[in-house]
Amino acid sequence: MNREKIIVIDFGGQYNQLVARRVRECSVYCEIYSYKTDIEQIKAMNPKGIILTGGPNSCYEENAASCSKELFELGIPVLGLCYGAQLIMHVLGGRVCKAPVREYGKIQVTVDTSSKLFRDVSEKTICWMSHNDYIERIAPGFEIIARTSDCPVAAAQWEERKLYAIQFHPEVLHTKEGSKMLHNFVYKVCGCEGAWRMDTFVETSIRAIREKVGSGKVLCALSGGVDSSVAAVMLSKAVGDQLTCVFVDHGLLRKNEGDEVEEVFGPNGPYDLNFIRVNAQERFYEKLKGVEEPEKKRKIIGEEFIRVFEEEAKKIGAVEFLVQGTIYPDVVESGLGGESAVIKSHHNVGGLPDYVDFKEVIEPLRDLFKDEVRKAGLELGIPEKLVFRQPFPGPGLGIRIVGEVTAQKVAMVQDADAIYREEIARAGLDKEIGQYFAALTNMRSVGVMGDERTYDYAVALRAVNTVDFMTAETAEIPFAVLTKVMNRIINEVKGINRVFYDLTSKPPGTIEFE
Ligand code: XMP
């Protein structure tokens, strides 16, 4: 599609996706490409601007990730961030070397507010620095537009050539006015119009899907999660009942979740589509009988999911299109987009069945970040409750029960989790905490309830804050809230007599509790 765009050239920095997201927050579409991308390909994309990201190398080292000088001669504005800034100087004849003082953390930077890049930015502003190397001498043609006490070149520009270099990271929120700087780059330097809006995206996507699908049949595996729900609604708006959604209830969903999904997508819901709910709970419990090892449980759940889905697909017969809820980070992380090697450790339940009979895959959310998927969901009128649903792993409660999974344990963890979520919402913390849930430990211990001795399970409460789900910090829930949750769980959930709060961050823990 020929839309106004900025491209991010990725040199392996940890914030590559963040850069693209920040640009999109300015209503400008942005894509990530590896630094190895051919210059001809870049030209053909005709971007309004190019941003070079940070990266782990030293640009003066042999074999360091680099770019051709031609990139700076295209007449397209370029903004280099951290490594990207050093690279601009290195390639154009400046000097980059190891800094006498390593800068790391929030640092006060003095900026030249007459530069387009720093328009409306405070003269002294806090920025996030993280670098060992520094620009000792700028390249000919450039002038310095920001400095710190340890860093003589915190930013530089060559205004006529529209080349900008920033040593710090405007994309991270610790840089107080970073969004303003990126906003200035895309509007004041690149002259973008800002046409990237979710309502337009939704509208044009629906039209494009309709054209592509024609009168064909479409099949979608619906999990009730945000991505597959938004994809399904988009398809339903585009092709109505040519779409069939198969929702497999594996009996490992959160309390009442199966019914909630059915309420929205089933025959009494607002959407025009064919909805098939497969109640396969018993099948899954049967397969999981006696299995304690977490990886084995994951495999069984994944495989069984495929079997169930395939059986349904066979009943439906050949379809032209299969819908997948792939989103942009999946594209980048699978190596098709940027450079940073993020090892994808999880897959949604089961992946794709091999022999479902379809001709083509439709991925309507392939260009979107998660927060954009949510915005698209709201545009499409999907209930907020569903749109802001927390991440929930494909194998579901199967990996929130330590040890063997049984129907009885599923019920216990569902009830405890529902109480926990209810109280977190009541305390007004539900939008604040990244992910939180109850898990059932495999530990039983002695307690006393009334005059009775009990020998019951312990439940673990988990709550974390995280940016990327690769690392996570434990959320600080007020003790009064935790105590209330504990009291309610012990009183209301039969079979549980102890409640723990998991304090472990990731690493060394994982977010899930399996
Ligand atoms: P961990 O437990 O590895 O989880 O720290 C990181 C994030 O991934 C989610 N998760 C999964 N998501 N399928 C998924 O779709 C899975 O198999 C899976 N396992 C973990 C987890 O909820 C957290 O958000």
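**Group meeting: salt bridges and backbone features of a predicted chain**

Good morning. Let me open with a single residue: Lys-287 has a relative accessibility of 47%, and therefore counts as partly exposed. The model I am presenting is a predicted one, and I shall return to this lysine and its partner once the chain as a whole has been described.

First, the overall picture. The chain contains 14 helices and 18 strands. Its radius of gyration is 26 Å, which agrees with the value near 24 Å that a compact globule of 514 residues would have. Along the principal axes, the C-alpha atoms occupy a box of roughly 80 × 60 × 40 Å. Of the 514 residues, 55% count as buried. The accessible surface amounts to about 23,400 Å², and carbon and sulfur atoms contribute 48% of it.

How far apart in sequence are the residues that meet? If we take contacts between residues at least 6 apart, 75% of them join residues at least 24 apart.

Let me turn to charge. The chain carries 63 positive and 75 negative charges, and the mean positions of these two sets lie 1 Å apart. Side chains of opposite charge can pair when their charged atoms come close. In this model there are 39 salt bridges, and I have chosen a few for discussion.

We now come back to Lys-287. Which residue does Lys-287 pair with? Its salt-bridge partner is Glu-304, with 3.8 Å between the closest N and O atoms. This pair links distant parts of the chain, since Lys-287 belongs to helix H8, residues 281-288, while Glu-304 belongs to helix H9, residues 294-316, and 17 residues separate the two. Lys-287 is partly exposed, as I said at the outset, whereas Glu-304 counts as buried because its relative accessibility is 6%.

The second example sits within one helix. Glu-25 and Arg-22 form a salt bridge whose closest N and O atoms are 3.1 Å apart. Both residues lie in helix H1, which covers residues 16-25, and they are three residues apart, or about one turn of the helix. Is each partner buried or exposed? Arg-22, at 8% relative accessibility, counts as buried, while Glu-25, at 40%, counts as partly exposed.

A third pair is Asp-199 with Arg-197, whose side chains meet in a salt bridge with an N to O distance of 2.6 Å. Asp-199 is partly exposed, with a relative accessible area of 27%. Arg-197, at 45% relative accessibility, is also classed as partly exposed.

Beyond these pairs, there is a network of salt bridges that links Glu-422, Glu-423, Arg-426, Lys-484, Arg-488 and Glu-492.

The next topic is the backbone. Most residues other than glycine have a negative phi, and most peptide bonds are trans. Where does the model depart from this pattern? The peptide bond from Lys-506 to Pro-507 is cis, with omega near -15°. A cis bond also joins Pro-507 and Pro-508, where omega is about 10°. Pro-507 is located in the segment after strand E18, residues 496-501, and Pro-508 is placed in the segment after E18 as well.

Two residues with positive phi also deserve mention. Asn-46 has a phi near 50°, which is positive in a residue other than glycine. Asn-46 is in the loop between helix H2, residues 39-45, and strand E3, residues 49-52. At 56% relative accessibility, Asn-46 counts as exposed. Lys-162, likewise not a glycine, has a positive phi of about 60°. Lys-162 occupies the loop between strand E8, residues 155-158, and strand E9, residues 163-166, and with 34% relative accessibility it counts as partly exposed.

My last residue is Phe-72, found in the loop between E3 and strand E4, residues 78-81. Why is Phe-72 classed as buried? The reason is that its relative accessibility is 2%, and the cut-off for buried is under 20%. Leaving aside neighbours within four places in sequence, Phe-72 is in contact with Leu-52, Cys-67, Val-78, Ile-88, Val-91, Leu-92, Arg-161 and Leu-163. By way of contrast in position, the C-alpha atom of Phe-72 is separated by 43 Å from that of Ile-433, which is 361 residues away along the chain.

Thank you for your attention.

Key
Residues are numbered from 1 along each chain as its sequence is written. This is a predicted model: local features need pLDDT of at least 70, side-chain atom pairs count only at pLDDT 80 or more; totals for chains, interfaces and linings use all residues. Side-chain values use heavy atoms; hydrogens and water are left out. Helices (H or I, at least four residues) and strands (E, at least two) are DSSP runs, numbered from the N terminus. The radius of gyration is taken over C-alpha atoms; the globule rule is 2.2 Å times the number of residues to the power 0.38. Buried means under 20% relative accessible area, exposed over 50%, partly exposed in between (1.4 Å probe, protein chains only). Contact means heavy atoms within 4.5 Å. Accessible areas come from the Shrake-Rupley method with a 1.4 Å probe; for residues, only the protein chains shown count as cover. Lys and Arg count as positive and Asp and Glu as negative; His and the chain ends are not counted. The place of a charge is taken as NZ of Lys, CZ of Arg, CG of Asp or CD of Glu. A salt bridge is a side-chain nitrogen of Lys or Arg within 4 Å of a carboxyl oxygen of Asp or Glu.
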